[in-house]
Amino acid sequence: MNSWKAIAAKTCGRRSKWMVLAAWVIIVVALSPLSGKLSDAQNNETAAWLPGSAESTKVVHEQEDFRDETTVLAVVVWENTGGLQDADRTAIADDMALFNGIKGVIAPVPAPTYDPSGKAAQALVPIEVAEEGWNNLVDAVDEMKEATEAAQAPGMKTYITGPAGIGADQAAAFEGLEGKILFATMGVVVVILLLTYRSPVLWFIPLLSAIFAMMAAWAAVYLSTKAGVTVNGQSFAVLNIMIFGAGTDYALLLIARYREELHNFEDRHEAMAHALHRAGPAIFASAATVAVSMLVLLAADMNSTQGMGPVCAIGIAVGVLVMLTLLPALLVIVGRWAFWPRVPRFGDESVHKGGLWDRVGGLISRRSRTVWITTTVVLGIAALGMTLLQTGGVKLKDQFTNKPESIVGMEVQGGYFPQGAGDPVSTIANKAQAQAVQDAIKGVENVDPESVHVLPDETADRVEIETTLSIPTDTSEARDTVEDIRAAVHAVPDADAIVGGGPALVLDMMESSSRDNIVVIPLILIAVMIILCLLLRSILAPILLVATVVLSFAAALGISAFFFDNVFGFVGGDPALPLFVFVFLVALGIDYNIFLMHRVHEESIKHGTRKGALIGLSATGGVITSAGLVLAATFAVFTAMPLVGFVTMGFAVSLGVLLDTFIVRSVLVTALTHDIGQKIWWPSKLAKEPEEPESGSGPGERDRELVG
């Protein structure tokens with residue numbers, strides 16, 4: 001605790017506050033050139049998203065030895081249900097000529113093929129994505145669409161689908177996402193602060209601090225990429241949420257405690273020093289919980305999940321540093337009038353007495369055992385809905401909440417041509433056994449034997465064999481076929497064959513996601529448990545808190561599964577959904593339990609645990625509610641995206657945060673603490689103290705004995 005007193009004195013002293021402000025201005029200005037480079041430092045190459053140890057990932061790496069460029073196929077489909085006419089064929093030829101001149105398209109484009117009925121044609125157009133990534137892909141697809149529209153013949157329809165067409169539509173869904181999240185979060189923060197404090201000034205201080213934190217974090221993450229940390233589009237978007245959402249939570253807690261202490265101290269510097277001294281450990285423990293939980297993601301097999309860990313941990317570390325230094329300095333510099341027109345005056349009664357959460361605590365205290373048992377049963381029933389949760393993968397046509405052109409084109413293409421065209425299976429094997437490997441592949445069910453061929457690119461001793469499936473590549477049957485192909489080619493002596501390509505990538509990603517759910521979730525629970533034990537100096541309290549968070553997570557997924565199936569009509573779900581929801585709910589949701597129980601622990605030393613539980617709820621209820629609304633609204637932005645994976649994650653996390661804020665933390669945890677009393681702090685000394693402090697034992701004496 002003495003260390004927190006020293007920190008408080010250095011960040012909000014009469015002179016040091018100006019030094020802190022000047023230091024952060026200099027840091028952010030100096031680092032701004034690096035902050036702007038983070039977007040360009042993103043690595044969205046295929047390997048950055050794949051499971052690191054998977055066979056399909058090994059194929060991706062070996063393919064780099066065959067060719068200089070990385071390509072994605074666009075499948076262009078022309079259809080005339082009345083039969084392709086001469087004018088249609090001329091238009092197709094014109095389109096092909098235009099495709100060859102588009103930047104990113106690898107010319108010459110192979111000639112189109114026509115279906116036997118004469119009603120459709122398709123061309124497989126390779127697009128290079130190595131240098132400029134997905135931006136190059138999107139630009140190339142857009143130019144291809146313009147070309148086909150310019151040469152469109154009457155009665156003929158043209159579609160651009162395949163991996164490139166679908167990837168371009170997915171990229172369009174991400175367009176502007178970062179800005180939407182930031183502006184939506186800023187708007188929510190402003191509204192909630194206005195409603196909470198009814199001040200036209202105060203909202204700007206935490207908002208400015210969050211912006212400083214974001215700029216500094218971007219620079220720090222960019223520097224980390226030089227040390228080998230990988231940033232992709234997913235981790236960059238989540239980084240912004242973590243900084244702004246969690247950072248605002250910390251700001252709300254500190255501001256609430258500062259406002260409370262302004263009633264107890266006439267000098268605002270002393271009030272802030274005391275607020276930091278009391279709230280600082282909870283804020284730091286909360287940030288440590290999030291950062292450690294993120295670092296646990298390094299144990300994941302999926303490269304995209306693994307890479308998110310250090311990126312978000314760095315962001316949280318920078319965010320909490322700003323909120324514990326710059327924010328208090330700004331608040332003290334502005335002074336009490338920041339709360340105008342409801343300026344907290346020295347000697348006034350604390351604002352939380354007689355408030356909503358004070359009354360809720362009174363109701364809970366009358367029948368605390370009945371309350372926590374009933375709440376647990378209700379949440380347990382909601383958790384049963386997890387049996388409805390589908391995490392067996394999502395078909396390509398079901399990945400969008402709408403039906404873009406690429407999905408319509410995929411359905412049209414499947415009616416005329418082999419359904420795996422444009423998304424082949426790639427097998428790499430020793431050159432000497434190439435024929436034996438091809439024969440093995442041709443004998444597998446659901447493989448188009450005529451499509452099995454060796455690509456012209458090769459190395460001294462290795463070749464790549466491409467195979468088209470006769471079934472849709474986004475189905476469980478296709479994944480089973482990949483396993484059959486692997487079994488067949490692995491049995492070829494001395495071939496050293498490995499199987500990858502689109503369908504194999506999906507299979508490996510699903511298996512790795514399932515493995516990560518089993519491995520990472522328990523590790524996060526252990527990490528959170530250790531931090532809570534250190535903070536609360538108890539074993540029983542952390543066990544109960546973690547149990548309530550797990551129950552909240554299960555209930556959120558159970559309720560979400562019902563909505564996904566019966567309201568949204570989604571078909572299937574991402575295997576990684578449980579892990580992502582768990583990470584965000586536990587790492588961020590545990591914040592509220594830390595904020596509450598740290599205050600309860602503080603008050604229990606003075607008043608006993610049962611009274612301390614009610615005081616803690618009354619004192620933190622408003623700020624935790626505000627913080628929960630900010631976080632839930634931030635993740636709710638994802639539900640506006642036309643991608644099912646983001647809608648499901650945003651909905652489940654938002655729902656879980658609201659459950660945790662309004663039910664688990666405010667009702668269940670408070671009722672449990674009130675019912676168990678002092679024993680909840682077992683095995684610390686506090687658990688052996690009488691429920692009511694003995695007369696003559698003042699807070700200062702008990703602080704020294706039990707905390708110091």
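Start by selecting helix 19 (residues 540-566) and helix 20 (residues 577-607), where helix 19 passes helix 20 in a right-handed crossing. Helices here are DSSP runs of H or I with at least four residues, strands are E runs of at least two, and both are numbered from the N terminus. As for handedness, a crossing is left-handed if the near helix is turned anticlockwise from the far one by less than a right angle, and right-handed if clockwise. The two axes come within 9 Å and cross at roughly 135°; axes are lines fitted to C-alpha atoms, for helices over the stretch in contact, and angles run from 0 to 180 degrees between N-to-C directions. That angle makes helix 19 oblique to helix 20 (under 35 degrees counts as roughly parallel, over 145 as roughly antiparallel, 65 to 115 as roughly perpendicular and the rest as oblique).

Show side chains next. On helix 19 the contact (heavy atoms within 4.5 Å) is made by residues including L545, V549, F553 and F564. From helix 20, pick among others L577, P578, F582, I590, N593 and M597. The residues of this contact divide into 14 nonpolar, two polar and no charged. The classes are simple: Ala, Val, Leu, Ile, Met, Phe, Trp, Tyr, Cys and Pro count as nonpolar, Asp, Glu, Lys and Arg as charged, and the others, Gly among them, as polar.

A word on what you're looking at: this is a predicted model, so to speak of local features takes a pLDDT of at least 70, side-chain atom pairs count only at pLDDT 80 or more, and totals for chains, interfaces and linings use all residues. Residues are numbered from 1 along each chain as its sequence is written, and side-chain values use heavy atoms, with hydrogens and water left out.

**More helix pairs**

Now go to helix 10 (residues 268-296) and helix 18 (residues 502-536), which pack at about 160° with their axes 9 Å apart. They are therefore roughly antiparallel to each other. Light up P281, A285, A288, T289, V292, S293 and V296 on helix 10, and V520, L523, I524, A527, V528, I531 and L535 on helix 18; these make the contact. By class that's 12 nonpolar, two polar and no charged. Helix 10 passes helix 18 in a right-handed crossing.

Then try helix 8 (residues 204-225) with helix 12. Their axes come within 10 Å and cross at roughly 145°, and this crossing is right-handed. Here I205, P206, L208, S209 and F212 of helix 8 meet L326, L327, L330, L331 and V334 of helix 12. The tally is nine nonpolar, one polar and no charged residues.

**Two sheets**

Switch to ribbons and find strands 1 to 4, which form an open antiparallel sheet in the order 2-3-1-4; two strands pair if DSSP finds at least two bridges between them. At the edges are strand 2 (113-114) and strand 4 (157-161), each pairing on one side only. Five bridges join strand 1 (residues 71-79) to strand 4, and W78 stands opposite T158 of strand 4. Add helix 4 (residues 86-99), which lies across strands 1, 2 and 3 at about 160° to strand 1. Helix 15 (residues 405-414) lies across strands 1, 3 and 4, at about 105° to strand 4.

The second sheet is also open and antiparallel, in the order 6-7-5-8. Strand 6 (453-458) and strand 8 (498-501) each have a single partner strand, so one side of each is left without a neighbour in the sheet. From one strand to the next the twist averages 30°. Strand 5 (residues 425-430) pairs with strand 8 over four bridges, with S426 opposite G500. Helix 3 (residues 55-66) packs on this sheet, touching strands 5, 6, 7 and 8, and makes about 85° with strand 8.

**Loop stops**

- Between helix 4 and strand 2, zoom in on P108: the peptide bond from A107 is cis, with omega near -5°.
- P341 sits in the loop between helix 12 and helix 13, joined to W340 by a cis peptide bond with omega about 10°.
- N446, in the loop between helix 16 and strand 6, has a positive phi of about 75° although it is not a glycine.

**Last, colour by confidence**

The chain averages a pLDDT of 84, and 92% of the residues score at least 70; pLDDT is the predictor's confidence in each residue, from 0 to 100. Select residues 694-708, where pLDDT stays under 50 and the model has 23 contacts beyond four places in sequence. Where pLDDT is low, the predicted coordinates should not be read in detail.
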